[in-house]
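Please take a moment to look over the sequence and the structure shown below before reading on. The paragraphs after it are meant to be read with the model open beside them.

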2 protein chains.
Amino acid sequence: MANNKLVVIGGDAAGMSAASKVRREQPDREIIVFEKSDFTSYSACGIPYFISEKVKTYQELIVRDPDTFRNKYNIDVRTQNLVLSVDTDNKKIKVLNKKTGDEFWESYDQLMIATGGKAFCPDVAGYDSENVFGVTTLKSGINIERYIEEKKPQNAVIVGGGYIGLEMAESLLERGLKVSLINRSEQVMNTLDPDMGALVSEALKGLGVELFLGEGLTGFDVKEGKVTAVLTDKQSIPTDIIILGMGSHPNTDFLEGSKIELGARGAIKVDSQLRTNIPDVWAAGDCTESLHLVSKEHVYIALGTIANKTGLVAGSSIAGEKTVFPGVVGTAVCKICSYEVARTGLLEKQLQKLNIDYVKATIESRTRAHYYPNSKKIVVKLLAEKNSGRLLGGQIIGEEGAAKRIDVLATALTHNLTLQNIIDLDLSYAPPFSPVWDPVQTAARKLISSI
Amino acid sequence: MANNKLVVIGGDAAGMSAASKVRREQPDREIIVFEKSDFTSYSACGIPYFISEKVKTYQELIVRDPDTFRNKYNIDVRTQNLVLSVDTDNKKIKVLNKKTGDEFWESYDQLMIATGGKAFCPDVAGYDSENVFGVTTLKSGINIERYIEEKKPQNAVIVGGGYIGLEMAESLLERGLKVSLINRSEQVMNTLDPDMGALVSEALKGLGVELFLGEGLTGFDVKEGKVTAVLTDKQSIPTDIIILGMGSHPNTDFLEGSKIELGARGAIKVDSQLRTNIPDVWAAGDCTESLHLVSKEHVYIALGTIANKTGLVAGSSIAGEKTVFPGVVGTAVCKICSYEVARTGLLEKQLQKLNIDYVKATIESRTRAHYYPNSKKIVVKLLAEKNSGRLLGGQIIGEEGAAKRIDVLATALTHNLTLQNIIDLDLSYAPPFSPVWDPVQTAARKLISSI
């Protein structure tokens, strides 16, 4: 085999999915993985639950550690190795061994880039104080947990009302902290329409989170290396710990000067087989852009599901198979205490920008038959194309049993189903699981009258 | 309007869905409903939960009572009126007023038949004893609950291991009875493949149900109008109460001699607009057959979801709209204590009968991320067409959060998705809801290797 040496940059979901897939298909191939941290294949999505102590040890979040990859899969994982640059002309990468401080060049025959994302860092002095934390790496999770354990902070400020911000609100509430959350827009969850985001804001207030909406971070008060207050354009909020949940962006700075083409929000452009524009170079996961199957635009969505799937397809492609990754529809789900929030497809503002003529409806139903114990409220909002009735997006907020219903809508979106198609679906029903008309069908029934 | 007088036979899900739809579209029309019981629009599926006292009063199971239909919807509901025969040549029906004993003929311009199903009754002496109960009507549910309350039976025998049998096992266990269940086949739940049925049998045993599999009912020991023991081909089982869960069949005996054509298992043949073979006569719900979208055969499936949907479409059709009901894929779900069982599509034995070349795979996964508290076991079995990989059926058994995943498979079946399509779906993931690969996708990944 001419192209024998596979080098993978990044040892989490996408990188190790790819490496493992190649190993299964090509048992004798040389595979080297450079990973900047000490960890491989861990669930970053599990970090809030480690911090809340729902998960007792961070080790439980690790699916396979470096030694397992080395010994059981014959994958040469090199931890504490940070890749500094890529030279695709000469098929080599420059690596910093963080343990020794040595820099060296490593050649490759095929290269897989899976460097993931990194938290947005605010452009204000004091962001690097000891009590300011992002939540993107296992290391950051361990640091937060240790800080809470050792310093016993009483008051927390979370900056940003996205998934991470909300999940961290739950975590810190469960650890007994008083939680304030500042959010630049007027509602949390900008992956929802504002009317649905408002329901989440209400739920957060009910849980005891002090919400400061429409307030942007403007600075930090820092004393002796610690932030003592978060400054917004309206006020100063005293705090003992700050969690940054301002979203993430692709970790692709090290590609500056390379010939690898970047697209949406600086993410690596890839085709449906996860090939970059450069021969013998693949990329997958949170460092790449995805094709949105509804808008047909290339978007940046950093999620574990996509990282695992694209990593697998990249591995297939590297191993010479023809599997493709068709794209995403933007499905996501989040739990905040007893509340579940789910979304898929496009938002109203996106449809307006795309000049798509749409209709919308929101219904309230129950997660179980109305008479069944612990039946909970569920709100479903659907967006559909005017005239055709094709589904364009769905948003769900409710309590236990609400969120996973989004999967039917995600399936519908992917295969261009109409509202009538959704009404016609033979969905499951028994009183402990659903009303006789599933809430997503009730929403479709309401909306179909306006197309 | 020439065809002005609509007569509906049967006042539950299908009949009242149709009547209500017609009323919405045609506010001034004369609508008469003949209902043999005292009740309209109740949830028959909720009866086991009334018996278990999860639902405190039977009134909670009633969505709308006759007075509401009369007063609020101007629908002339006549309870305790049993329809005895239909004369389509002269467009009239013969009715028995059970309160007065009078028989009379009622004319119609358009007729909607929604007489539902009735429990199979065993052909053995003593079936009409005071402690032998079916579970198809609200009246039967009220009778069972009253019997338990007044007579305090200690030992129950359930005949039949289908949905009703299993839900009643849960009910009676919760009421503190010792429950035995006899089932003619070697596993319970013949709507599952035997290997999946075996998992349900095991679960039942774990819950304390004494299972007698491969034993058919042969008779009853009756003393003073009460059954004291259930006789099988192997033994005699002493008992205080007997629940019949031997399935149901369409309530169409009264159509004998009429020109209305019957199909699968004596159910009324209907087209996609729920029209029978006779002009101006519609039928919907548990008295009709359905088109199975996977096998393309006409089948008899008695379920509340189908009754509601077909009732609505029949109402549309009667009101002159063009809505159609495309058919079913055989989705069903059932809860037995902490266990959830769901199925959709075809079974192995059905595929064999249809000479469809298929592959199968069964996987075990978790309902949440492996590290998340209360993550439960879930077993998913998929059947797909050899070569094409088109999904043909799915079965799920697990604990909390398992069953509703069947809806993605039901959607996939309806729209001819392949295993690769299922793998590619952008399903929702967060640790409280799912592993990063949803179990249905894990099953598809395993099975795709064998197509």
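What follows is a walk through this model, from the relation between the chains to single strands and loops.

The model is a predicted one, and a good place to begin is the way in which its chains A and B are related. Chain A is superposed on chain B, with an RMSD of 0.0 Å, by a rotation of 180 degrees that carries 0.0 Å of shift along its axis. That is the relation of a two-fold axis. Within chain A, the residue that comes closest to this rotation axis is Val408(A), whose C-alpha lies at 2.7 Å from it. The interface fits this picture, because 100% of the interface residues of chain A are also interface residues in chain B, so the copies meet through the same surface.

Val408(A) also has a part in the next feature, the one cavity of 30 Å³ or more that the structure holds. About 100 Å³ of space lies in this largest cavity, and its lining draws on both chains: Lys404(A), Arg405(A), Asp407(A), Val408(A), Asp438(A) and Val440(A) from chain A, with Lys404(B), Arg405(B), Asp407(B), Val408(B), Asp438(B) and Val440(B) from chain B. The elements that give two or more residues to this lining are α9 (406-414) of chain A and α9 (406-414) of chain B.

From here the view can turn to a sheet in chain A. Five strands form an open sheet there, in the order β9-β16-β10-β11-β12, and the pairing is parallel. At the edges of this sheet stand β9 (132-133) and β12 (210-213) of chain A, each with a single partner strand, so one side of each is left without a neighbour in the sheet. Further in, strand β10 (residues 155-159) of chain A is joined to strand β16 (residues 241-244) of chain A by four bridges, and these two strands run parallel. Along this pairing, Ala156(A) stands opposite Ile241(A) in β16(A).

Chain B can be followed through strand β11 (residues 178-183), and a reader may ask how many of its six residues are buried. Five of them are, so β11(B) is largely enclosed by the rest of the structure. Strand β10 (residues 155-159) of chain B is joined to β11(B) by five bridges, with the two running parallel, and in this pairing Val159(B) stands opposite Ile182(B). Between these strands comes helix α5 (residues 163-174) of chain B, and β10(B), α5(B) and β11(B) make a right-handed β-α-β unit. Four bridges join β11(B) to strand β12 (residues 210-213) of chain B, and this pair too is described as running parallel. Ile182(B), already met opposite Val159(B), stands opposite Phe212(B) in β12(B). The chain passes from β11(B) to β12(B) through helix α6 (residues 194-207) of chain B, in a β-α-β crossover that is right-handed.

The loop between β11 and α6 of chain B contains Ser185(B), which is partly exposed, with a relative accessible area of 33%. Although Ser185(B) and Leu213(B) are 28 residues apart in sequence, their C-alpha atoms are 6.2 Å apart in space. If its neighbours within four places in sequence are left aside, Ser185(B) is in contact with Leu213(B) and Gly214(B).

Another part of chain B shows strands that pair in the antiparallel sense. Strand β23 (residues 358-366) of chain B pairs in this way with β24(B) over nine bridges, and Glu364(B) stands opposite Val379(B). On β24 (residues 377-385) of chain B, seven of the nine residues are buried, so this strand is largely enclosed by the rest of the structure. Seven bridges join β24(B) to strand β25 (residues 391-398) of chain B, again antiparallel, with Val380(B) opposite Ile396(B). β24(B) and β25(B) form a hairpin with five residues between them, and Asn387(B) in its turn has a positive phi of about 75 degrees.

Such a value deserves notice, because most residues other than glycine have a negative phi. Lys91(A) is a further example, with a phi near 50 degrees; this residue lies in the loop between β4 (81-87) and β5 (92-97) of chain A and counts as partly exposed at 24% relative accessibility. In chain B, Asn74(B) has a phi near 55 degrees, and its place is in the loop between α3 (66-73) and β3 (76-78).

Methods
Residues are numbered from 1 along each chain as its sequence is written. Chains are lettered from A and ligands numbered from 1 in the order in which they are written. This is a predicted model: local features need pLDDT of at least 70, side-chain atom pairs count only at pLDDT 80 or more; totals for chains, interfaces and linings use all residues. Side-chain values use heavy atoms; hydrogens and water are left out. Copies are superposed by least squares on the C-alpha atoms of residues with pLDDT of at least 70 in both. Contact means heavy atoms within 4.5 Å. Buried means under 20% relative accessible area, exposed over 50%, partly exposed in between (1.4 Å probe, protein chains only). Two strands pair if DSSP finds at least two bridges between them. A crossover is right-handed if, with the strands pointing away from the viewer, the path from the first strand over the helix to the second runs clockwise. On a 1 Å grid over the protein atoms alone, a cavity is a set of points where a 1.4 Å probe fits but cannot get out, and a pocket is an open set with protein on both sides within 12 Å along at least five of seven lines; lining residues have an atom within 4 Å of a point. Grid points are joined across faces, edges and corners, and a volume is the space filled by probe spheres set on the points.
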